[in-house]
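This report describes a helix, its place in a nonpolar core and its packing against a neighbouring helix.

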Amino acid sequence: MAHTIQKAPGKIILFGEHAVVYGQPAIAVPIPQRFATVTIEPIIRGDHPTHIIAPDIDLDQHLSDLPDNHPFVLICKLVKDHGNLHHLPAMNIQISSTLPVASGLGSGAAVSVALARALCTFLGVSHSNADISGMAYEVEKIHHGNPSGIDNTVIAFQKGILFQKQHPIQWLSLEHELDFLIVNSGEKKSTKIMVDMVAEQLQNSPERYQSIIEQIGSLTLQAKSDLESADIPELGKAMHQNHLLLQQLGVSTPTLDKLVEIAMKNGAAGAKLSGAGGGGNMLILPNTEKIYSVQNALLHAGFTNIIQVSIH
Ligand code: PMV
């Protein structure tokens, strides 16, 4: 068993968050600029047990000291079951990530995917992207309660997707590369709290909220063709419309709204919150010639955590 290293990218949702939990389509792409890395080395001498180090979350422990429902323990168990292994050999596992946690960039799913893939590779267990996605989905359930499955899917397959529960995955195919900006609002959020909040609202006022969810679904389908034909004005309009619908769902915040306003005033074609909302990151589609003016306005307003991504 040789030393193994695996990386998995972050992700960003372009359209359809929340509605996707209720069976509507959503669009997401991987962000290769930010990723989780898992390194596994065999423990050759002595009888040391498997040790996990994840400095980003201050974890430095034996695997056997972690609870059964810990995400890392669950992934180890899923890989062991998938490979029909009787036991796992002793290993040193190191986990790190350049993805901010609790900010809608898929840090949890990226770690799960990288860990599952590293373990399978290290142990010689054959695996497909769908197998890895399925394992990461089990961990998403611990984090979120009722995940749609979009995060683990886009990260495991590392391709832009239109995702809809109970439907085959549709791969995105863009005519031209598109540049987006991802801006961190500085507010941490909990996906579970936001997903639970929408569920409660849906239960209290089903007609009103079901209609918003369906409008997000139709908008997402329309936006897929705008995205594929790289129609920046139409795509921007759809993003802004999606933000307004997410506002109506109650998942935006004053800071996210302010970021959208700054972007739109300074030459963005569109802007929206991305992911669960309640904070985290937002997404901007700048008009190509205005990218620096949007960036400068954000920096000037104190939002310095900006990632530029090209989607193709
Ligand atoms: O974890 P986040 O912030 O990327 O949000 C996930 C997207 C939701 O639609 C809100 C939840 C889900 O499981 O799809």
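In helix α2, 17 residues at 1.5 Å each should span 24 Å, and because the end C-alpha atoms are 24 Å apart, the two values agree. The expected span is 1.5 Å times one less than the number of residues. Helices are DSSP runs of H or I with at least four residues, numbered from the N terminus. The model is predicted: local features need pLDDT of at least 70 and side-chain atom pairs pLDDT 80 or more, while totals for chains, interfaces and linings use all residues. Residues are numbered from 1 along each chain as its sequence is written, and side-chain values use heavy atoms, without hydrogens and water.

Of the 17 residues of α2, 15 are buried (under 20% relative accessible area, 1.4 Å probe, protein chains only), so the helix is largely enclosed by the rest of the structure. The largest nonpolar core (buried Ala, Val, Leu, Ile, Met, Phe, Trp, Tyr and Cys joined through side-chain atoms within 4.5 Å) has 106 residues. Its largest share, 12 residues, comes from α2. L119 is among the residues with the most contacts inside this core. Leaving aside residues up to four places away in sequence, L119 touches (heavy atoms within 4.5 Å) I40, I75, C76, V79, M91 and I93.

The axes of α2 and α3, lines fitted to C-alpha atoms over the stretch in contact, come within 9 Å and cross at roughly 130°. The contact is made by these residues:

| Helix | Range | Contact residues |
|---|---|---|
| α2 | residues 107–123 | G108, A109, S112, V113, A116, R117, C120 |
| α3 | residues 129–144 | N129, I132, M135, A136, V139, E140 |

After α2 comes G124, with a positive phi near 70°.

Definitions and conventions: Buried < 20%, exposed > 50% of the residue type's maximum accessible area, 1.4 Å probe, protein only. Helix = DSSP H or I, 4+ residues; strand = E, 2+ residues; numbered from the N terminus. Axes fitted to C-alpha atoms, helices over the stretch in contact; angles between N-to-C directions.
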